[in-house]
Amino acid sequence: MDNRSYYDDFSNWYERERGVGYHQMLDDLELTAVERYGRGKDILEAGCGTGLLLERAQRFAKSATGVDISAGMLAKARERGLQVAQGSVTQLPYDDESFDLVYSVKVLAHIEDIETAMSEMARVTRPGGYVLAEFYNPRSLRYLIKSLKRPTAVSSATNDEAVYTRYDDIAQIRRYLPPELSWESSRGVRIVTPVSHVHKVPVLGAAFRAAESALADAPWARNFGGFLIAVLRKV
């Protein structure tokens with residue numbers, strides 16, 4: 001299934017478990033990184049989906065813009081009153097050097113032409129600005145669990161294995177970068193959580209959430225996150 005059709009189909013189910021437990025933790029850890037580099041700045045979310053993160057990001061940004069390939073996802077983002085446009089991460093509909101921060105979460109792993117996507121994100125970033133690019137990490141507990149579990153339904157008609165998905169470690173990510181992006185750091189998201197359901201148990205969930213927050217930037221642990229955020233600066 002092509003990405004546009006997949007996410008159009010997924011759009012009606014996308015927020016079913018968002019805003020609570022495991023997914024809330026992921027959103028919070030990702031958004032903390034966005035705020036760290038984007039407070040008071042012009043920011044772009046590449047692959048904004050229904051606008052869940054973008055809606056929160058606009059509270060601390062100077063301006064917050066989103067782009068997504070899926071009309072179904074964007075319809076829900078527009079209902080939130082967000083500034084969004086339809087377009088691909090591999091061909092962003094914005095001028096050079098338009099933003100101080102460009103970020104993308106849970107999107108780049110599904111882009112086959114990843115080098116073009118990274119070049120496009122760099123192109124629309126101002127010199128000295130940042131690109132936060134989240135990848136799926138094969139050196140993680142999440143990858144092990146994913147390889148053992150059955151596919152997860154994303155609609156009544158399809159599951160999460162219907163779309164192209166790639167896993168990249170740090171060495172592979174570095175090879176995707178255009179010369180104008182330099183590696184600054186990384187943040188790990190979902191380092192120790194074995195399965196998402198542990199976050200539904202009040203005491204246990206709180207303990208795992210605290211551990212994930214403490215380990216996200218820890219030098220010895222952050223590179224083992226199931227979701228690996230590369231912090232890149234445009235020179």
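Which residue in S7 does Tyr136 stand opposite? Tyr136 faces Phe227, and that pair is a good way into this predicted model. Local features here need pLDDT of at least 70, side-chain atom pairs count only at pLDDT 80 or more, and totals for chains, interfaces and linings use all residues. Residues are numbered from 1 along each chain as its sequence is written, and side-chain values use heavy atoms, with hydrogens and water left out.

**The sheet**

- Seven strands make up an open, mixed sheet in the order S3-S2-S1-S4-S5-S7-S6; strands (E, at least two residues) and helices (H or I, at least four) are DSSP runs numbered from the N terminus, and two strands pair if DSSP finds at least two bridges between them.
- At the edges are S3 (83-86) and S6 (181-189), each pairing on one side only.
- Neighbouring strands are turned by 20 degrees against each other on average, direction ignored; axes are lines fitted to C-alpha atoms, for helices over the stretch in contact, and angles run from 0 to 180 degrees between N-to-C directions.

**Around strand S5**

- S5 (residues 125-136) pairs with S7 (residues 227-234) in the antiparallel sense over seven bridges, and Tyr130 has Arg233 in S7 as its bridge partner.
- S4 and S5 run parallel, joined by five bridges, with Phe99 opposite Thr125 in S5.
- From S4 the chain passes through helix H5 (residues 114-123) to S5 in a right-handed β-α-β crossover, a term meaning that, with the strands pointing away from the viewer, the path from the first strand over the helix to the second runs clockwise.
- Nine of the twelve S5 residues are buried, so the strand is largely enclosed by the rest of the structure; buried means under 20% relative accessible area (1.4 Å probe, protein chains only).

**Helices on the sheet**

- Helix H2 (residues 21-38) lies across S1, S4, S5, S6 and S7, at about 150 degrees to S6.
- Helix H4 (residues 71-79) lies across S2 and S3, at about 165 degrees to S3.

**Nonpolar cores**

- The largest nonpolar core (buried Ala, Val, Leu, Ile, Met, Phe, Trp, Tyr and Cys residues joined through side-chain atoms within 4.5 Å) has 31 residues, and those touching the most other members include Val34, Leu54 and Tyr103.
- H2 gives this core its largest share, seven residues.
- Leaving aside neighbours within four places in sequence, Leu54 has contacts (heavy atoms within 4.5 Å) that include Cys48, Ala64, Val84 and Tyr103.
- A second, separate core of 28 residues includes Val67, Ile114, Ala122 and Leu228.

Note on methods:
Buried < 20%, exposed > 50% of the residue type's maximum accessible area, 1.4 Å probe, protein only.
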